[in-house]
Amino acid sequence: MSENNYPATLGDTNTKTRRQMIAGAAIALGGLAAGSEVWGMTLQDAMKQTPSTAANQKRTSLHHETDFKASPQRIYEALLDSKQFTAFSGMPAEIDSKAGGAFSLFGGMIVQAWRPTHWDPGVYSIARFELKAQGSDTLLIFDHTGFPEGEFDHLDWGWHNHYWEPLKKFLV
């Protein structure tokens, strides 16, 4: 742990701990089915809500940079604390914040060894978060890579609508 109480490697582009890869990836997939408007649907129905555009059909990675009016520590805690994650996402979460700890998000929809059931067996993706302090605020740099073709528009929409916007509101 660093002086700020979140892992020093959180922003290190060359070092990814197992916990970082798994936690980030699990959170990424939560965007596929989270939120009250899609929770009761099958994943396939949820995917139809945001179909892939022709321009994005072949894309298998996305990049976001989002400003938050909170410290990196505050954002880190919201993402890895069960009660806070549930509060901002509106969905059940069980998160063991210890390195290598187990977790289950969105009422058991996402677990440590995860992938949506509509992806081919063995297909997993990685979500990477980098939190950069900017005075009392934070720039969250996010990269989601390795997802199947045709998923970009839905994942892009999901990250904004199920994570960044609700998290901004929660942190106010």
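The legends below describe close-up views of a predicted model.

**Figure 1. The whole chain, with 5 helices and 6 strands.** In sequence order the elements follow the pattern α-α-β-α-α-β-β-β-β-β-α. The chain has 172 residues, and 47% of them count as buried. Among contacts with a separation of 6 or more, 68% are between residues 24 or more positions apart. The accessible surface of the chain is about 8500 Å². Carbon and sulfur atoms account for 52% of that surface.

**Figure 2. The open sheet of 3 strands, in the order E1-E6-E5.** Pairing in this sheet is antiparallel. E1 and E5 are the edge strands, each pairing on one side only. On average, neighbouring strands are turned by 15° against each other, with direction ignored. Two helices, H3 and H5, pack on the sheet. H3 touches E1, E5 and E6, and its direction makes about 150° with that of E5. H5 also touches E1, E5 and E6. The direction of H5 makes about 15° with that of E1.

**Figure 3. Strand E1 and its pairing with E6.** The two strands run antiparallel and are joined by 8 bridges. Two of the facing positions can be picked out by residue. Ser61 of E1 stands opposite Thr145 in E6, and Thr66 stands opposite Leu140 in E6. Which residues of E1 lie on its covered face, and which on its uncovered face? The covered face consists of Leu62, His64, Thr66 and Phe68. Ser61, His63, Glu65 and Asp67 make up the uncovered face. Of the two E1 residues named in the facing pairs, Thr66 therefore belongs to the covered face and Ser61 to the uncovered one.

**Figure 4. The largest nonpolar core, with 30 residues.** Ile75 and Trp159 touch the most other members of this core. Several strands and helices give two or more residues each. The strands that do so are E1 (61-68), E2 (93-95), E3 (103-105), E5 (126-134) and E6 (137-145). The helices are H3 (72-80), H4 (82-89) and H5 (152-171). Which element gives the most to the core? It is H5, with 7 residues.

**Figure 5. The salt bridge between Lys69 and Asp137.** The closest N and O atoms of this pair are 3.7 Å apart. Lys69 lies in the loop between E1 and H3, and Asp137 lies in strand E6, so the bridge ties together parts that are 68 residues apart in sequence. How do the two partners stand in accessibility: buried, partly exposed or exposed? Lys69 is exposed, at a relative accessible area of 72%. Asp137 counts as partly exposed, because its relative accessibility of 23% falls between the cut-offs of 20% and 50%. The structure holds 5 salt bridges, this pair being one of them.

**Figure 6. The salt-bridge network of Arg128, Glu130 and Lys132.** Side chains of opposite charge can pair when their charged atoms come close. Glu130 takes part in two of the bridges shown, one with Arg128 and one with Lys132. In the bridge with Arg128, the closest N and O atoms are 3.6 Å apart. In the bridge with Lys132, they are 3.8 Å apart. Which members of the network are buried, and which is partly exposed? Arg128 is buried, at 11% relative accessibility. Glu130 is also buried, with a relative accessible area of 12%. Lys132 is partly exposed, at 39%.

**Figure 7. The surroundings of Gln84 in helix H4.** Gln84 counts as buried because its relative accessibility, 18%, is under the cut-off of 20%. Which residues does Gln84 contact, leaving aside neighbours within four places in sequence? The contacts are with Arg74, Glu77, Ala78 and Phe170.

How values were computed: Residues numbered from 1 in each chain as written. Predicted model: local features only at pLDDT ≥ 70, side-chain atom pairs only at ≥ 80, totals over all residues. Heavy atoms only, no water. Core = buried A, V, L, I, M, F, W, Y, C linked by side-chain atoms within 4.5 Å. Buried < 20%, exposed > 50% of the residue type's maximum accessible area, 1.4 Å probe, protein only. Helix = DSSP H or I, 4+ residues; strand = E, 2+ residues; numbered from the N terminus. Salt bridge = Lys/Arg side-chain N within 4 Å of Asp/Glu carboxyl O. Contact = heavy atoms within 4.5 Å. Pairing = 2+ DSSP bridges. Axes fitted to C-alpha atoms, helices over the stretch in contact; angles between N-to-C directions. Areas by Shrake-Rupley, 256 points an atom, 1.4 Å probe, with all protein chains shown as cover.
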